[in-house]
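Please explain how the parts of this structure are arranged. The reader is new to it, so an account that goes from one packing contact to the next would help.

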Amino acid sequence: MDPYKYLKIRFNPDGSLCRYGEAPLLPAAPAGEPVSVEDDQGSRRIAVHSNDVPLNDATGTGLRLFVPSGSGGHHDRLPLIVYFHGGGYVLFRAASEPFHNTCTALAAAAPAAVASVDYRLAPEHRLPAAFEDAADAVLWARPHAAAGRPVFVMGSHNGASIAFRAALAAADAGVELRGVILNQPHLGGAARSPAEAASVDDRVLPLPANDLLWELALPVGADRDHEYCNPESMLARVGAARLRRLPPCLVLGRRKDPPRDRTRTLVNALRKAGVAVEARLDGAGYHAMELFKANCAAEFTAQVADFVRRHSSAGTDTGASAGDVVGMSKL
């Protein structure tokens with residue numbers, strides 16, 4: 001297979017990438033968009049408001065902030081989820097339809113404010129650019145954590161790997177997190193794991209496309225054993241003492257996800273370091289199925305919402321309401 005055609009990308013004459021097959025970019029919805037929620041109160045619809053705000057003017061990064069409407073016109077006190085979308089470091093934006101919809105669903109179901117980070121993409125901005133943007137997002141969230149608001153970092157696919165780096169940056173900067181949510185981390189290595197070797201014609205992340213994504217994302221000249229890709233290299237550099245400072249982690253995986261063997265390596269290292277880890281690695285289907293199948297999306301949203309609620313200390317006065325976050329976003 002031609003991985004460029006599969007990923008629907010090609011190089012422009014100036015060396016930038018033409019991404020000609022991406023999902024539509026959705027506009028923010030300051031007035032709100034309705035989202036269906038199923039919970040112990042039954043089936044209902046909640047309006048989720050969104051707006052785009054700058055993160056770092058020097059790098060051109062931003063946030064898309066999602067806030068659910070409060071019951072009866074009163075905003076509940078909400079946790080904050082700093083979210084990193086997927087796309088192999090190369091594809092998609094915070095406004096891309098699948099990830100915009102993921103964030104609206106999470107905001108409504110948790111409920112929570114969700115700040116989706118529009119980080120820089122490779123190959124125009126190779127790693128560690130996305131990790132640097134994650135550190136900026138952590139500093140953006142610092143005032144909320146300092147005020148007592150429950151703050152989480154979360155990512156899907158390569159975004160999970162960015163979220164992991166964000167969690168380390170938060171620990172280094174003294175920003176208190178209540179939890180880390182890693183959904184199918186995108187990890188690799190030079191030597192094929194059994195799952196990778198079996199993924200040559202994977203339905204979602206075939207091996208040639210996976211290799212190309214890493215080639216475009218890693219620093220020029222680096223191979224897949226670089227610490228930005230191989231969890232063993234990364235863990236050796238980070239060390240157990242630094243890992244031990246991480247808050248509780250929820251790690252999600254799927255039975256047919258090519259990076260699943262690497263995810264187990266990460267989970268085992270976290271547990272060995274003494275981190276409280278909830279690992280649910282036996283989800284049905286292939287990589288990123290929550291973006292394609294409604295039942296997988298519902299299960300994923302419920303898992304994340306449950307983790308956020310359990311670690312948000314519902315009886316704590318956070319000192320800030322959803323309205324405060326709305327005001328910060330200029331909604």
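In this predicted model, helices α3 and α4 cross in a right-handed sense. Helix α4 spans residues 158-173, and its axis comes within 8 Å of the axis of α3, with a crossing of roughly 50°. An angle of that value falls outside the ranges for parallel, antiparallel and perpendicular, so α3 and α4 are oblique to each other. On the α3 side, the residues that meet α4 are Ala-130, Phe-131, Ala-134, Ala-135, Val-138, Leu-139 and Arg-142. Their partners in α4 are Ser-161, Ile-162, Arg-165, Ala-166, Ala-169, Ala-170 and Ala-173. By class, the residues of this contact between α3 and α4 are eleven nonpolar, one polar and two charged.

The next element to consider is the sheet. It is open and built from nine strands, in the order β3-β4-β5-β7-β6-β8-β9-β10-β11, with mixed pairing. At its edges stand β3 (33-39) and β11 (277-286), each of which pairs on one side only. From one strand to the next, the twist averages 25°. Helix α3 (residues 129-146) packs on this sheet and touches β4 (42-56), β5 (61-68), β6 (80-84), β7 (113-118) and β8 (151-156). The direction of α3 makes about 175° with that of β6.

Two of the strand pairings can be followed in detail. Strands β3 and β4 run antiparallel and are joined by seven bridges. They form a hairpin, with two residues between them. Within this pair, Val-35 stands opposite Ile-46 in β4. Elsewhere in the sheet, strand β9 (residues 179-183) and strand β10 (residues 249-256) run parallel, joined by four bridges. There, Asn-183 stands opposite Leu-252 in β10. In a regular strand, side chains alternate between the two faces of the sheet.

Two further helix pairs remain. Helix α2 (residues 97-109) and helix α10 (residues 294-310) have axes that come within 9 Å and cross at roughly 45°. These two helices, α2 and α10, are therefore oblique to each other, and their crossing is right-handed. From α2, the contact takes in Thr-102, Ala-105, Leu-106 and Ala-109. From α10, it takes in Phe-300, Thr-301, Val-304, Ala-305 and Arg-309. Six of the residues in the contact of α2 with α10 are nonpolar, two are polar and one is charged.

How are α7 and α9 placed with respect to each other? The axes of helix α7 (residues 231-238) and helix α9 (residues 260-272) come within 10 Å and cross at roughly 20°. Angles under 35 degrees count as roughly parallel, which means that α7 is roughly parallel to α9. The crossing of α7 and α9 is right-handed. Here Pro-231, Glu-232, Met-234 and Leu-235 of α7 meet Arg-262, Thr-265, Leu-266 and Ala-269 of α9. The contact of α7 with α9 has five nonpolar residues, one polar and two charged.

Last comes the annotation. In the unreviewed UniProt entry, residues 81-289 are annotated as "domain: Alpha/beta hydrolase fold-3". In the model, the end C-alpha atoms of residues 81-289 lie 21 Å apart. This span is 42% helix and 19% strand.

Conventions. Residues are numbered from 1 along each chain as its sequence is written. This is a predicted model: local features need pLDDT of at least 70, side-chain atom pairs count only at pLDDT 80 or more; totals for chains, interfaces and linings use all residues. Side-chain values use heavy atoms; hydrogens and water are left out. Axes are lines fitted to C-alpha atoms, for helices over the stretch in contact, and angles run from 0 to 180 degrees between N-to-C directions. Angles under 35 degrees count as roughly parallel, over 145 as roughly antiparallel, 65 to 115 as roughly perpendicular and the rest as oblique. A crossing is left-handed if the near helix is turned anticlockwise from the far one by less than a right angle, and right-handed if clockwise. Contact means heavy atoms within 4.5 Å. Ala, Val, Leu, Ile, Met, Phe, Trp, Tyr, Cys and Pro count as nonpolar, Asp, Glu, Lys and Arg as charged, and the others, Gly among them, as polar. Two strands pair if DSSP finds at least two bridges between them. UniProt positions are given in the numbering used here, feature names are shortened, and annotations may be inferred rather than shown by experiment.
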